[in-house]
Each structure stands twice: as C-alpha cells, then as structure tokens.
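Please work through the following exercises with the model at hand, trying each task before you read its solution.

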Amino acid sequence: MISVNNKTCTGCRACEHTCPKKCISMKADTEGFLIPSVDIKECIKCGACDRVCPQLKKNNAPECSEAVAFHFNNTEINKYSTSGGAFAALATLILENKGIVIGAAFTDVNHVNHISISSSDELYRLQGSKYVQSNTLNTYVQAKHYLDDGRLVLYSGTACQIAGLKAFLDKDYNNLLCVDVICHGVSSPLLYEKYIEWLQEKKSCEVSLYHFRTKSDAGWGHYGKIVLDKKKEQLFSSNDPYIKAFMTGQNYRECCYECHYANRKRVSDLTLGDFWGIQSSYPELYHRDGVSAVLINSIKGKEWMEQLNTMACIKAVDIEKIIPYQENLQHPTDRPETRTDFYNGLKAQNNNEYMKKKLLPCVTIDDKLHALLPMKLKYAIKRLRKGF
Ligand SMILES: Cc1cc2nc3c(=O)[nH]c(=O)nc-3n(C[C@H](O)[C@H](O)[C@H](O)COP(=O)(O)OP(=O)(O)OC[C@H]3O[C@@H](n4cnc5c(N)ncnc54)[C@H](O)[C@@H]3O)c2cc1C
C-alpha cells in the first residue's frame, strides 16, 4: 500500500506504471491534483509503489556548478519559446536525428498534458511554459518503449516529473536526454480549467488560446497573451488573476512548498530557466527575444549542448551570477497563509462565486495601475529598483 499522501505526492505516476497488479489509478483530489488511489482488493502489498516513489527518497543528485547563456538563432522557431529557445534547439536536433521528444502541450485550451512528437511540425506545441501541472499520462511507458527500441528520446518536464521517469525506468539509458525547468511550483489543472471557463463566460466569447508567456516588442518575460474567438489578441501582465495567484505562489500543489528539487542538486542532464538579471551580469549577451540560463548537470548534457554550437549563441557563464535571481535554485517557494483555504469551494461553489472570493482579490489596485503604465516606464522603474 502506497505511503505517499496528497501533501507529499507530486502526481508523477511512477507508482501507477510500476504496480505489477495494475491496481493503482490516478484520481483528482478535492483541489484537482492527481493522486494515486489503490484498489485494495487487488493489492498484494509487494511494496513496489513505495520503492519507486521519488518522494520517499532523498534527492541525491550532484550539485550543478556549470552554466551557459543560450539564445537559439532560429528566429522563426524561437518566437514560440519562453526565453532563449534552449528547449526548441535541443528538440530540433533530436528530431533531426529521428528521435522522439516528450513534453507538456495544450491538448485543448484548458488542458495541459505530456505528449510525444516525432516531427518538427509539432514542436510548437511543446514550446512555451504552461503554468499549470501537466499530466504525464502514459508517457513514461512510451519513453521506455522508444528507449528499449534504441530511439533517441528527449524528455522534458519539471524536476519531479524527471525524478519519476528515472525511478520508473530504473536504469541508465545512453539514448535518453532529460531536461527540466527551474520551477517555482505548479497549480491545479482544475483551477486552470475553471478559470478559462469563467473567462469565456465573462467575455461572452471563446478563449481560443491562453499563452502564459509571450514575447513582445518590450522583450521577453513581461506579458502573457489571450486570443479571443481565434482573432482578437490581448496582452496581460500582473493584472491577470490566474497569473498573479501563480506568481505569488498561492495555488501550488502542497508538495511544491517542500520541493526536493528547489536547489542546485539537479536530476536532469540540463536545467532550463530564464536568464533573469542578464542585463546587469552579462549585458553583452542580452537579447530582446530571450536568453535561457542552462545549467549543465551531466557529461551527456554538456555533449548535447556542444552539438548546438552552430545553431545558437552559447556562452559559458558563472553560475553564481544566475543563482541570486532564482529563488527556486535556493529553496522551495514559501507557503503563504492564503494557501490553506485557497482551493476551498473550487469544486462546490459556482465559478463566479469562487473566482470573486479567491482569484480576483489576488490582483491589487497597485497591479491594476501598474498594468496601465507604458512598458518603457515599467521597465525603467524595475531597472531603478534592481540597480541595473
Ligand atoms: C511551472 C513552471 C515554472 C517555472 N518557473 C521558473 C522560474 O521560477 N524561473 C525560471 O527561470 N524559469 C522558470 N520556468 C521555466 C521558464 O519559464 C522557461 O521554460 C525556461 O526559461 C526555458 O525556456 P525555453 O525558451 O528554453 O523553452 P520553453 O519554450 O519554455 O520550453 C520548455 C519546456 O518546458 C516544458 N513545460 C512547459 N510547461 C510545463 C509544465 N507545466 N510542466 C512540465 N513541463 C513543462 C515544455 O514541455 C518544454 O519542453 C518555469 C516553467 C514552468 C513550466
């Protein structure tokens, strides 16, 4: 019988796929996060679920000490990436080598699931950060199948998803490259689904796309974008209640506040993040279309990075210049008091009532005023505050 509970479980699904009796299924808890549920009539108490669970072990990965600044030269592909397109460049190379790429994609406007692709035509689906927990579905099993077949596999996800994959595979594969993101936490898929439904009601139109992060003339990292009725585009920043709740850490999965991976011990070959602070640490490497900070955590990761030299601008940097801008490489996000009852009523209340009580108050008057300022002014204020 599995020991992990809804406070500690990350929802990776390694236990479900490992159970020899197939008696574990994933069910959404009251907050909408998936947790394992055991059919006790079938369970033979073999303990395989506990043995595979990464949350019941320590993170023993080595500490990362190497990093590069990364900007993918392919402007056409890079425009769909969140920062410097490190993921898209790697994926392009893997696909050129007839490999498989697995990562998080919108399967419709309000659902994010892990999918596998084998063609560059589908790459755009995996690009871009989705600030909601992605469901890994049966991608661990698919990855194993491709790996055993000798295909190259790039698996991308949060560190806890990579830890789950590695535990499930239980052996090293030369043909597997794992990439994770610097992650502050993930929010509930149910909350995201309900938020999109509420937006549609409020705006009386179809939300065709909701991009958590988009690039604009002002550069990267400032805005998200919503597309209404397949044509009308609206940018949003901290005045979007879902984004604001997410950025202030109010709606994360409980395990995120105790994350085993919010430090320099990286479980993947490469860790990707935004290169925040680059204008002060390496102004010569700044690029308006985005720069990724890539932590190189293994020899395999380093070798793959070297192969990208002709496709991208890659420069070795001092990791100590990255860490101060990345709280989640230092410690997990602090759990705010508001988290305790954040999800109360999500299932029971009607959408409007819930959003009014829990999500809308996340946006303050200051946020609304801030959103009205022209980007240049906002940026000047930010520079003044941060001293660069
Ligand atoms: C939930 C979350 C929190 C993040 N927090 C930070 C942070 O605190 N600091 C920071 O510097 N960067 C953070 N990032 C990473 C950052 O947003 C960019 O992904 C990173 O800069 C890499 O950019 P890129 O242009 O190389 O690739 P991108 O185009 O962003 O692609 C990166 C990969 O992320 C994967 N991905 C996207 N959404 C999810 C998801 N929900 N679950 C699992 N995998 C996903 C995709 O499959 C893709 O392979 C976060 C990303 C996510 C998803």
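**Exercise 1.** Find how the residues of the shell around the ligand divide into nonpolar, polar and charged.

Solution. The shell holds eleven nonpolar, 21 polar and three charged residues, where Ala, Val, Leu, Ile, Met, Phe, Trp, Tyr, Cys and Pro count as nonpolar, Asp, Glu, Lys and Arg as charged, and the others, Gly among them, as polar. In total 35 residues surround the ligand (each with a heavy atom within 4 Å of the ligand), and the closest are Thr82, Ser129, Ser156, His184 and Gln326. The model is a predicted one, in which local features need pLDDT of at least 70 and side-chain atom pairs count only at pLDDT 80 or more, while totals for chains, interfaces and linings use all residues. Residues are numbered from 1 along each chain as its sequence is written, and side-chain values use heavy atoms, with hydrogens and water left out.

**Exercise 2.** Identify polar backbone atoms that approach the ligand, and then state how much of the ligand the protein covers.

Solution. Begin with the oxygen atoms of the ligand: one is 3.0 Å from a polar backbone atom of Ala86, and an oxygen atom is also 3.1 Å from a polar backbone atom of Gly273. Next, a nitrogen atom of the ligand is 2.8 Å from a polar backbone atom of Val132. Finally, of the 890 Å² of accessible area that the ligand has on its own, the protein covers 98% (areas from the Shrake-Rupley method with a 1.4 Å probe; for residues, only the protein chains shown count as cover).

**Exercise 3.** Name the elements that give two or more residues to the shell around the ligand, and say which gives the most.

Solution. The elements are α4 (86-96), β4 (100-108), β6 (153-157) and β11 (270-274); here helices (H or I, at least four residues) and strands (E, at least two) are DSSP runs, numbered from the N terminus. Among the elements, β11 gives the most, with three residues.

**Exercise 4.** Decide whether Gln161, Asn350 and Leu372 are buried, partly exposed or exposed.

Solution. Buried means under 20% relative accessible area, exposed over 50%, and partly exposed in between (1.4 Å probe, protein chains only). Gln161, which lies in helix α7 (residues 159-169), is buried because its relative accessible area is 4%, and its side chain reaches the backbone oxygen of Ser134 at 3.1 Å. Asn350, in the loop between β13 (312-317) and α12 (351-359), counts as partly exposed because its relative accessibility is 46%. Leu372, in helix α13 (residues 365-372), counts as exposed because its relative accessibility is 69%.

Notes: Polar contact = N/O pair within 3.5 Å; in protein donor to acceptor, adjacent residues only side chain to side chain.
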